[in-house]
Structures are given as structure tokens and as C-alpha cells.
Protein chains: 2
Amino acid sequence: MKKTYSEENYLKAIYHLGKSDNKVSPKAIADALENNPASVIDMLKKLQDKDLISYDKVQGAILSRSGEMAALDIIRKHRLWEVFLVEKLQYGWDEVHDIAEQLEHIHDEQLAKKLDDFLGNPSFDPHGDPIPAQNGKMPVYASKRLSEADENQMCKVGSVRDTSTPFLKYLKQLKVGLGSRIRVIEKMEFDQSMIISIDEGEPKTVSSKMTDNILVILD
Amino acid sequence: MKKTYSEENYLKAIYHLGKSDNKVSPKAIADALENNPASVIDMLKKLQDKDLISYDKVQGAILSRSGEMAALDIIRKHRLWEVFLVEKLQYGWDEVHDIAEQLEHIHDEQLAKKLDDFLGNPSFDPHGDPIPAQNGKMPVYASKRLSEADENQMCKVGSVRDTSTPFLKYLKQLKVGLGSRIRVIEKMEFDQSMIISIDEGEPKTVSSKMTDNILVILD
DNA sequence: ATATAAAATTAGACATGACTAATTTATGTA
DNA sequence: TACATAAATTAGTCATGTCTAATTTTATAT
């Protein structure tokens, strides 16, 4: 039961969208995949026929057991390849997303396992995201969004939730990376923006869109 | 001017078929790609429109300059990935072809270069085939087909011309690998089969199909 | 030279996965 | 409640790359 490139991308998108507790609507999927809702509905029907998801207007799209395993398998491969690209090929962490997007679709029975072993069985990818095990289990570790940290709190960047190239480039510019130490100087009530100091540098203002997408470990 | 997966496969096939001096006919391409001549003709037209090849009934398909560069680029990537799979991920040389067939289509400006550096700039892939440089130049070394060797000639396996899984499995069974020493014991005039000794082992009979696809360095 | 076979070509169809435009269903607000 | 808007859905179209079936061209053998 091999899946097409497209099917795999839909399953992945549905998985990610399903993590937040909102219902996974055709519109949401269309936005995530940058295509249109009509196309999405066509594909949802196909995925439902293959028992990879269930879909109805009220519930939205929900991954079946096999759909979720398939999604986790793609995500596992995506993140393992990201580790490879950064650790072995010396790419920057903000450059690897699009390449991993392609590599994740390579089909081979043994590949993920062999790559995993070669990389030393990493638990997290270069963005700090957990790499699912073969059985689909996710390694977890305590973390909060930066937006949830209190004023004067010191914390360490553990991972980023948005791994799009523009966001990562923005972080690079701010000199924020995994492990960067951030002190919350002030939280603006009205728009949730924050003034922070990065690695004890001068204060900078960042939006809630930024702080919502950074996961930190509190000191 | 990025090429599709399919276009890349056609260019590669045309390149390989063009190496032997036969004309590259729709039939030959169809056989190589395991599809049918009608499909091939459709694609040849598209490739011609993009100036990647020229095609007419008499000459067959001929790669243009840009078509050849594109083909060499795919072959370069294919062979680099094969080195990676065998050297780093511990695959057997008979297992990697189908995976490399997928990996060769990954698009990224820097990838081939970075992979090449990571692998230590290898000149030959695990099957002994030369890896084109970025500029398309092929490393060369003297070699002949085993079928051209004389009786009693001692030689060393330098590469294989057919890298299909069935052929490689057959070689594995015969215990023939890169560097194996082969002595030609007898050549049968009538069907060009040969009796050979592999690494001084007991004599074995092999067909001309086999000896035509093994390249050797004469002692 | 001509019959026969093989190869090349054309025409028409199909699957996949996308699109636009029109329609229906929900949701939210005055 | 009723209108306005957003979302979901349907119908029809399109590009890509494939196929089969028929037809034409080329090559081969007697």
C-alpha cells in the first residue's frame, strides 16, 4: 500500500493541524498546503476510501490508525534527513526544510532505520522537534511557549514550532538558535508583544507571533 | 528551467543509450524505461520543445548540450548517492540502485556539492562507474569488457556496465565484486560463453551476456 | 520486387491532482 | 429573524504522463 507523494503530504499536514485542538477543515488544509479547498476535498475522499482518514463536515479530517502511522513515518524521515543535512552536510538549520520535504518521500524498507543508526539515533531534529521512533512514539521533554513565560523569567530555547524558511531566517537575524538564553524583560498586555534580551544582549521587541512559535525550557 | 522527474529519467536513459553507438530509437527508450513507444514519442516532442534533445526518425534522439549537462547532473547525483548508501549506510552494492533512482531527483542547488565533499570527492561509485564532475567531465581509466579478454588472460574487475538488481545479485552469487581477479580459462567460439576462474576458484561457465557487462583491467 | 515483420506515429482514452466558477451550507451579526 | 460572509461542495476543465488500438513507415527476407 504505497502512498503517492501528494497523499503523504496531505497526511502530514492533517497530522500537524490535528495537534492543535482545532478541527482540521478543508480550508485549514488548503492554507497549509497552499492549494485550494476544492482540491483538498477531492483528496480527502481518496484518503477516506483508502481508510487513511475519516472525514465529515462536522468533525473535519481525522487520521485513522494507519493514517497516523503513515504520517509519523513521513515526519520521522523528514526530521532524520534534517539531522543529516545539518550535521553531516553542514547546511544551516534554516536551509534544510525544503530539501527534507523532498527526501521524506524516498521509499525504502530499510532506509529510515539505517539513516537513524548512521546518525546515532538522535531524539530531536535541528529545530528541536522530536523525532518519532519506528513505532510512532515521540520523545518528549518539558517546554513552554516563550509567550507563556513571565516577566523577568530566564529561559533557554528548546525548539521552534514554525520551521518555515522565513521564520528561521528571522531567528537567524535575531541571533536566536537552539540553546540561546532569553530573558523576558517586559510583556505588553495589549498585543502580547515582548521585550526580550537574547544571550544578555540589548533589549529587542518581538511579536506574539514570534513568541508563540518558540518553545523554551524555563530556568 | 527545472525538469520533472519523468523528463530527468528520459534524459538519463537517452544518455546511457547514446553511449553505445546505436541510434537511440523510441523502441530502445521504451525498453529501457519499461514503458511503450507511444508514450516515448510524446515525451520526445516535449523534450525537443525544451531544446533538451533533437529527434527525428533517421537520427533518433540526440541530447543537446543542455540536455547532456542535465543528464550528467542526474547521473552524478545517482552515483554520489550510491556511494553514500554503500559507504555510510552499509547497504550492499546490489541493493542501492532503486533508492538512488529516487534520490537522484532531489533538487537543491548546493546538495550535490555538499554530498560530494562529505563523501571525500569519490571518482567511482560502488559499481566502479565514474562519477561525473560538476562540469560534466568523466574520470576515465583503461578497461575492456571481459568478453574481449583472451584465453589465459588474468584480469581484475573494474566495473559493471549493467547495474540492475538481478545482474548484481547474480554476481554476488558468483562471488564476483569490484577487484575480483578473473582468469579466462576457455572461450567458446560458437556462443561466446566463457569458462573462468574467479579468485583462483574452481572453473565456472558464464554467458556472453555476463562477460559483456563486466569491465576488467588486464594484468 | 514484394510480402512480412518490426518500428514509428497518430488518435483517443484514462488516472492523478490540480484549478475556476457556481452553488449550497454554516456562522455570525444587526 | 434575516442578511452577509465564510466555508464546503459540486461540476467541469486542464496539464502531465501514461496507455491501447489503429495506421503508416521502414527494414528484412525470400
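This section describes how two protein chains meet each other and two DNA strands in a predicted model.

The arrangement of the two protein chains is considered first. Chain B is superposed on chain A by a rotation of 180° with 0.1 Å of shift along its axis, and the RMSD of this superposition is 0.1 Å. That relation is the one expressed by a two-fold axis. Among the residues of chain B, Leu103(B) comes closest to the rotation axis, its C-alpha lying at 3.7 Å.

The contact between the chains takes 20 residues from chain B and 20 residues from chain A. Of the interface residues of chain B, 100% are also interface residues in chain A, so the copies meet through the same surface. About 1,700 Å² of area is buried between chain B and chain A, and carbon and sulfur atoms give 66% of this area. The rule finds zero salt bridges across the interface of chain B and chain A. Polar contact, by comparison, is found for 10 residue pairs across this interface, with both residues of a pair at pLDDT 80 or more. On the side of chain B that touches chain A, two or more residues are given by each of α4 (65–88), α5 (97–103) and α6 (111–118) of chain B. By class, this side of chain B has 11 nonpolar, five polar and four charged residues.

The surroundings of the DNA strands were then examined, beginning with DNA strand C. This strand is surrounded by 20 residues, of which Thr4(A), Asn36(A), Ser39(A), Lys27(B) and Tyr55(B) are the closest. Of the atoms of DNA strand C that come within 4 Å of the protein, 78% are accounted for by sugar and phosphate. Several side chains place polar atoms beside phosphate oxygens of this strand. For Thr4(A), a polar side-chain atom lies 2.7 Å from a phosphate oxygen of DNA strand C, and for Ser6(A) the distance from a side-chain N or O atom to a phosphate oxygen of the strand is 2.9 Å. From chain B, an N or O atom in the side chain of Lys45(B) is 3.0 Å from a phosphate oxygen of DNA strand C. At least two residues of the surface near DNA strand C come from each of α1 (5–19) and α3 of chain A and α2 (26–33) and α3 of chain B. The most is given by α3(A), with five residues. Eight nonpolar, six polar and six charged residues make up the surface near DNA strand C.

DNA strand D is likewise surrounded by 20 residues, and those that come nearest are Lys27(A), Tyr55(A), Thr4(B), Asn36(B) and Ser39(B). Sugar or phosphate holds 73% of the atoms of DNA strand D within 4 Å of the protein, while the rest belong to bases. An N or O atom in the side chain of Ser6(B) is 3.1 Å from a phosphate oxygen of DNA strand D. Asn36(B) approaches a phosphate oxygen of this strand through a backbone N or O atom, at 3.3 Å. A base is also reached: a polar side-chain atom of Asp42(B) lies 3.4 Å from a base oxygen of DNA strand D. The elements that each supply at least two residues of the surface near DNA strand D are α2 (26–33) and α3 (37–49) of chain A together with α1 (5–19) and α3 (37–49) of chain B. Of these, α3(B) gives the most, with five residues. The class composition of this surface is eight nonpolar, six polar and six charged residues.

Conventions: Residues numbered from 1 in each chain as written. Chains lettered and ligands numbered in written order. Predicted model: local features only at pLDDT ≥ 70, side-chain atom pairs only at ≥ 80, totals over all residues. Heavy atoms only, no water. Near = heavy atom within 4 Å. Polar contact = N/O pair within 3.5 Å; in protein donor to acceptor, adjacent residues only side chain to side chain. Helix = DSSP H or I, 4+ residues; strand = E, 2+ residues; numbered from the N terminus. Nonpolar A, V, L, I, M, F, W, Y, C, P; charged D, E, K, R; others polar. Contact = heavy atoms within 4.5 Å. Buried area = accessible area lost by both parts, 1.4 Å probe. Salt bridge = Lys/Arg side-chain N within 4 Å of Asp/Glu carboxyl O. Least-squares fit on C-alpha atoms with pLDDT ≥ 70 in both.
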